[in-house]
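Colleague: Got a minute for this one? I'd like to talk through the ligand and the empty space in the protein.

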Amino acid sequence: MVILYPDHQKIFQLEDSFKHKGLRKKLIDEIRSKGIKDQSVLNAMNEVPRHLFMDNSFVSFAYVDKAFPISAGQTISQPYTVAFQTEALQIKRLDRVLEVGTGSGYQAAVLCEMGVSLYTIERQRSLFDYARILLPKLGYHPQFFYGDGYLGLPTYGPFDKIIVTAGATSVPSQLKEQLAIGGRMVIPVGVREHQVMKIITRESDAFYSEVDGGNFVFVPLLPGISDQNKTNP
Ligand code: SAH
(Lines give C-alpha, C1' and ligand atoms only; values in the text may rest on other atoms or scores of the structure.)
Protein backbone atom coordinates (compact mmCIF):
# COMPACT_ATOMS: atom_id res chain seq x y z
CA MET A 1 0.00 0.00 0.00
CA VAL A 2 1.27 3.50 -0.81
CA ILE A 3 0.36 6.71 1.03
CA LEU A 4 1.20 10.37 0.64
CA TYR A 5 3.08 12.22 3.35
CA PRO A 6 1.09 15.47 3.55
CA ASP A 7 4.09 17.60 4.54
CA HIS A 8 6.58 16.62 1.92
CA GLN A 9 4.30 14.91 -0.59
CA LYS A 10 6.51 11.89 -0.13
CA ILE A 11 5.27 8.47 -1.08
CA PHE A 12 6.17 5.37 0.83
CA GLN A 13 5.17 1.75 1.20
CA LEU A 14 3.35 0.36 4.21
CA GLU A 15 5.37 -2.82 4.26
CA ASP A 16 5.86 -5.00 7.34
CA SER A 17 8.30 -7.72 6.33
CA PHE A 18 9.56 -10.82 8.17
CA LYS A 19 12.73 -8.85 8.85
CA HIS A 20 10.76 -6.07 10.54
CA LYS A 21 8.77 -8.60 12.55
CA GLY A 22 11.95 -10.36 13.68
CA LEU A 23 13.59 -7.08 14.76
CA ARG A 24 10.42 -6.10 16.57
CA LYS A 25 10.31 -9.35 18.52
CA LYS A 26 13.91 -8.73 19.68
CA LEU A 27 12.97 -5.23 20.78
CA ILE A 28 10.02 -6.59 22.78
CA ASP A 29 12.35 -9.11 24.48
CA GLU A 30 14.66 -6.20 25.38
CA ILE A 31 11.77 -4.18 26.83
CA ARG A 32 10.63 -7.20 28.84
CA SER A 33 14.18 -7.61 30.19
CA LYS A 34 14.06 -3.95 31.31
CA GLY A 35 11.12 -4.78 33.59
CA ILE A 36 7.86 -4.48 31.63
CA LYS A 37 5.64 -7.38 32.68
CA ASP A 38 2.15 -6.65 31.34
CA GLN A 39 1.79 -9.17 28.54
CA SER A 40 -1.05 -7.23 26.89
CA VAL A 41 1.30 -4.25 26.48
CA LEU A 42 4.10 -6.41 25.08
CA ASN A 43 1.68 -8.17 22.71
CA ALA A 44 0.33 -4.87 21.40
CA MET A 45 3.84 -3.48 20.83
CA ASN A 46 4.75 -6.69 19.03
CA GLU A 47 1.87 -6.07 16.63
CA VAL A 48 2.40 -2.38 15.80
CA PRO A 49 4.95 -1.78 12.99
CA ARG A 50 6.95 1.06 14.60
CA HIS A 51 9.06 1.60 11.47
CA LEU A 52 5.96 2.92 9.66
CA PHE A 53 5.77 5.82 12.13
CA MET A 54 9.22 7.07 11.26
CA ASP A 55 10.77 8.67 8.20
CA ASN A 56 11.64 6.03 5.61
CA SER A 57 15.33 6.80 5.82
CA PHE A 58 15.31 6.00 9.54
CA VAL A 59 13.91 2.49 9.22
CA SER A 60 17.04 0.90 10.64
CA PHE A 61 16.53 2.90 13.88
CA ALA A 62 12.92 1.82 14.38
CA TYR A 63 13.76 -1.29 16.39
CA VAL A 64 16.36 0.07 18.77
CA ASP A 65 15.16 1.22 22.18
CA LYS A 66 15.61 4.94 21.55
CA ALA A 67 13.52 8.05 20.98
CA PHE A 68 13.91 9.45 17.48
CA PRO A 69 13.21 12.76 15.70
CA ILE A 70 10.00 13.02 13.68
CA SER A 71 8.90 16.20 11.87
CA ALA A 72 8.15 19.60 13.48
CA GLY A 73 11.10 19.22 15.91
CA GLN A 74 9.25 16.50 17.88
CA THR A 75 10.19 12.93 18.78
CA ILE A 76 8.64 9.47 18.68
CA SER A 77 8.94 8.28 22.29
CA GLN A 78 11.45 5.59 23.23
CA PRO A 79 9.79 2.14 23.06
CA TYR A 80 10.56 1.45 26.74
CA THR A 81 8.86 4.73 27.67
CA VAL A 82 5.78 3.82 25.60
CA ALA A 83 5.69 0.43 27.35
CA PHE A 84 6.17 2.01 30.80
CA GLN A 85 3.42 4.60 30.36
CA THR A 86 1.02 2.07 28.85
CA GLU A 87 1.66 -0.46 31.63
CA ALA A 88 1.22 2.22 34.28
CA LEU A 89 -2.22 3.08 32.85
CA GLN A 90 -3.49 -0.47 33.60
CA ILE A 91 -5.44 -0.51 30.36
CA LYS A 92 -8.65 -2.50 30.06
CA ARG A 93 -10.42 -3.15 26.76
CA LEU A 94 -13.02 -0.45 26.01
CA ASP A 95 -11.46 2.07 28.42
CA ARG A 96 -12.08 5.65 27.31
CA VAL A 97 -8.56 7.04 26.95
CA LEU A 98 -7.30 10.56 26.27
CA GLU A 99 -3.80 10.98 24.80
CA VAL A 100 -2.16 14.41 24.82
CA GLY A 101 0.53 14.61 22.11
CA THR A 102 -0.36 12.38 19.13
CA GLY A 103 3.07 13.01 17.57
CA SER A 104 3.90 10.16 15.21
CA GLY A 105 0.77 8.27 16.24
CA TYR A 106 2.77 5.28 17.50
CA GLN A 107 1.59 5.40 21.13
CA ALA A 108 -1.96 5.90 19.83
CA ALA A 109 -1.64 2.77 17.67
CA VAL A 110 -0.43 0.72 20.67
CA LEU A 111 -3.44 1.88 22.70
CA CYS A 112 -5.87 1.13 19.86
CA GLU A 113 -4.30 -2.31 19.46
CA MET A 114 -5.26 -2.90 23.12
CA GLY A 115 -8.90 -2.25 22.28
CA VAL A 116 -9.47 1.11 23.93
CA SER A 117 -11.67 3.93 22.75
CA LEU A 118 -9.03 6.61 22.10
CA TYR A 119 -9.19 10.40 21.81
CA THR A 120 -5.86 11.93 20.82
CA ILE A 121 -4.86 15.62 20.63
CA GLU A 122 -1.91 17.21 18.80
CA ARG A 123 -0.96 20.91 18.58
CA GLN A 124 1.33 20.60 15.51
CA ARG A 125 -0.76 20.70 12.36
CA SER A 126 1.61 18.62 10.19
CA LEU A 127 1.78 15.80 12.75
CA PHE A 128 -2.00 15.85 13.24
CA ASP A 129 -2.53 15.68 9.46
CA TYR A 130 -0.10 12.83 9.04
CA ALA A 131 -1.31 10.65 11.92
CA ARG A 132 -4.93 10.89 10.88
CA ILE A 133 -4.04 9.56 7.44
CA LEU A 134 -1.63 6.86 8.61
CA LEU A 135 -3.48 5.25 11.52
CA PRO A 136 -6.69 4.33 9.70
CA LYS A 137 -4.56 2.77 6.93
CA LEU A 138 -3.15 0.46 9.60
CA GLY A 139 -6.62 -0.36 10.93
CA TYR A 140 -6.56 2.01 13.95
CA HIS A 141 -9.42 4.46 14.41
CA PRO A 142 -8.92 6.88 17.29
CA GLN A 143 -10.69 10.24 17.23
CA PHE A 144 -8.13 12.88 16.24
CA PHE A 145 -8.18 16.46 17.52
CA TYR A 146 -6.04 19.44 16.50
CA GLY A 147 -5.82 21.58 19.60
CA ASP A 148 -4.26 22.37 22.94
CA GLY A 149 -4.03 19.27 25.09
CA TYR A 150 -3.62 21.41 28.24
CA LEU A 151 -7.36 21.91 28.00
CA GLY A 152 -8.18 18.25 27.40
CA LEU A 153 -11.53 17.51 25.77
CA PRO A 154 -14.16 18.59 28.30
CA THR A 155 -17.10 17.59 26.12
CA TYR A 156 -15.79 14.04 25.65
CA GLY A 157 -14.76 13.35 29.26
CA PRO A 158 -14.62 11.91 31.82
CA PHE A 159 -11.85 9.53 30.76
CA ASP A 160 -10.87 6.26 32.44
CA LYS A 161 -7.25 6.93 31.53
CA ILE A 162 -5.24 9.99 30.48
CA ILE A 163 -1.74 9.74 29.03
CA VAL A 164 0.39 12.83 28.44
CA THR A 165 3.34 12.19 26.13
CA ALA A 166 5.10 15.56 26.52
CA GLY A 167 6.77 16.97 29.63
CA ALA A 168 4.58 19.33 31.69
CA THR A 169 5.84 21.78 34.31
CA SER A 170 2.83 20.90 36.47
CA VAL A 171 -0.27 18.73 36.15
CA PRO A 172 -2.91 20.71 34.18
CA SER A 173 -6.00 21.11 36.38
CA GLN A 174 -8.36 20.64 33.41
CA LEU A 175 -6.92 17.16 32.83
CA LYS A 176 -7.39 16.23 36.50
CA GLU A 177 -11.00 17.34 36.28
CA GLN A 178 -11.59 15.17 33.20
CA LEU A 179 -10.38 12.00 34.93
CA ALA A 180 -13.18 9.61 35.97
CA ILE A 181 -13.31 8.61 39.63
CA GLY A 182 -11.09 5.54 39.89
CA GLY A 183 -9.30 6.66 36.70
CA ARG A 184 -5.54 6.97 36.19
CA MET A 185 -3.38 9.62 34.57
CA VAL A 186 0.25 9.09 33.58
CA ILE A 187 2.12 12.34 33.00
CA PRO A 188 5.80 13.33 32.96
CA VAL A 189 6.32 16.43 35.11
CA GLY A 190 9.48 18.50 35.36
CA VAL A 191 11.58 21.19 33.77
CA ARG A 192 13.44 21.21 30.46
CA GLU A 193 14.33 17.63 29.58
CA HIS A 194 14.16 16.07 33.05
CA GLN A 195 10.80 14.75 34.06
CA VAL A 196 9.48 12.45 36.76
CA MET A 197 6.68 10.16 35.64
CA LYS A 198 3.67 10.84 37.85
CA ILE A 199 1.03 8.15 38.11
CA ILE A 200 -2.10 9.82 39.45
CA THR A 201 -5.29 8.06 40.57
CA ARG A 202 -8.55 9.91 41.17
CA GLU A 203 -9.64 8.22 44.38
CA SER A 204 -12.79 10.32 44.87
CA ASP A 205 -14.30 13.53 43.59
CA ALA A 206 -11.75 15.71 45.37
CA PHE A 207 -8.90 13.35 46.32
CA TYR A 208 -6.09 12.30 43.99
CA SER A 209 -3.23 9.99 45.00
CA GLU A 210 0.15 10.17 43.29
CA VAL A 211 3.08 7.78 42.81
CA ASP A 212 6.45 8.62 41.20
CA GLY A 213 7.51 6.24 38.44
CA GLY A 214 11.10 7.36 37.86
CA ASN A 215 12.95 9.75 35.55
CA PHE A 216 12.28 10.19 31.86
CA VAL A 217 13.09 12.61 29.05
CA PHE A 218 10.33 14.21 26.95
CA VAL A 219 9.89 17.14 24.60
CA PRO A 220 7.96 19.93 26.38
CA LEU A 221 4.20 20.23 26.65
CA LEU A 222 3.59 23.64 25.06
CA PRO A 223 0.53 25.86 25.44
CA GLY A 224 -1.80 26.71 22.55
CA ILE A 225 -1.58 25.37 19.01
CA SER A 226 1.33 25.95 16.67
CA ASP A 227 0.57 28.06 13.64
CA GLN A 228 2.22 27.73 10.28
CA ASN A 229 4.22 30.98 10.48
CA LYS A 230 6.25 29.58 13.41
CA THR A 231 5.79 32.55 15.75
CA ASN A 232 4.50 29.93 18.19
CA PRO A 233 6.93 26.96 17.94
N1 SAH B 1 2.86 10.04 21.58
C2 SAH B 1 3.83 10.50 20.61
C3 SAH B 1 4.95 11.27 21.29
C4 SAH B 1 5.23 12.53 20.54
S5 SAH B 1 6.25 13.72 21.33
C6 SAH B 1 4.37 9.35 19.78
O7 SAH B 1 4.04 8.18 20.06
O8 SAH B 1 5.06 9.60 18.81
C9 SAH B 1 5.05 14.77 22.12
C10 SAH B 1 4.03 15.44 21.23
O11 SAH B 1 3.27 16.29 22.08
C12 SAH B 1 4.60 16.33 20.14
O13 SAH B 1 4.11 15.92 18.90
C14 SAH B 1 4.11 17.74 20.50
O15 SAH B 1 3.80 18.54 19.37
C16 SAH B 1 2.87 17.40 21.31
N17 SAH B 1 2.42 18.46 22.22
C18 SAH B 1 3.16 19.29 23.00
N19 SAH B 1 2.36 20.12 23.71
C20 SAH B 1 1.07 19.82 23.35
C21 SAH B 1 -0.22 20.34 23.72
N22 SAH B 1 -0.36 21.35 24.58
N23 SAH B 1 -1.31 19.77 23.15
C24 SAH B 1 -1.21 18.76 22.27
N25 SAH B 1 -0.02 18.23 21.88
C26 SAH B 1 1.10 18.74 22.41
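**Ligand and cavity**

Modeller: Start with Ser104: one of its polar side-chain atoms lies 2.7 Å from an oxygen atom of the ligand. Keep in mind that this is a predicted model.

Colleague: What does Glu99 offer the ligand?

Modeller: A polar side-chain atom of Glu99 sits 3.0 Å from a nitrogen atom of the ligand.

Colleague: And which kind of atom does Gln107 use, backbone or side-chain?

Modeller: Backbone. An N or O atom of the Gln107 backbone is 3.1 Å from a ligand oxygen atom. As for cover, the ligand on its own has 580 Å² of accessible area, and the protein covers 99% of that.

Colleague: Which residues come nearest the ligand?

Modeller: Gly101, Ser104, Glu122, Gly149 and Leu222, out of 26 around it. By class, that shell has ten nonpolar, twelve polar and four charged residues.

Colleague: What space does the ligand take?

Modeller: The largest cavity. That cavity holds about 320 Å³ of space.

Colleague: How many residues line the largest cavity?

Modeller: The lining has 29 residues, with Gly101, Gly103, Glu122, Thr165 and Ala166 nearest the centre. Strands E4 (75-76), E5 (96-100) and E6 (117-122) and helix H4 (106-113) each give at least two residues to that lining.

Colleague: Switching topic. How much space lies in the largest pocket?

Modeller: About 220 Å³. Its lining includes Ala67, Gln78, Thr165, Glu193 and Phe218.

Colleague: How does the lining of the largest pocket split by class?

Modeller: Five nonpolar, six polar and one charged.

Conventions:
Residues numbered from 1 in each chain as written. Predicted model: local features only at pLDDT ≥ 70, side-chain atom pairs only at ≥ 80, totals over all residues. Heavy atoms only, no water. 1 Å grid on protein atoms, 1.4 Å probe; cavity = no way out; pocket = protein on both sides within 12 Å on 5 of 7 lines; lining within 4 Å. Points joined across faces, edges and corners; volume = space filled by probe spheres on them. Helix = DSSP H or I, 4+ residues; strand = E, 2+ residues; numbered from the N terminus. Nonpolar A, V, L, I, M, F, W, Y, C, P; charged D, E, K, R; others polar. Near = heavy atom within 4 Å. Polar contact = N/O pair within 3.5 Å; in protein donor to acceptor, adjacent residues only side chain to side chain. Areas by Shrake-Rupley, 256 points an atom, 1.4 Å probe, with all protein chains shown as cover. Sits in = over half its atoms within 2 Å of the grid points.
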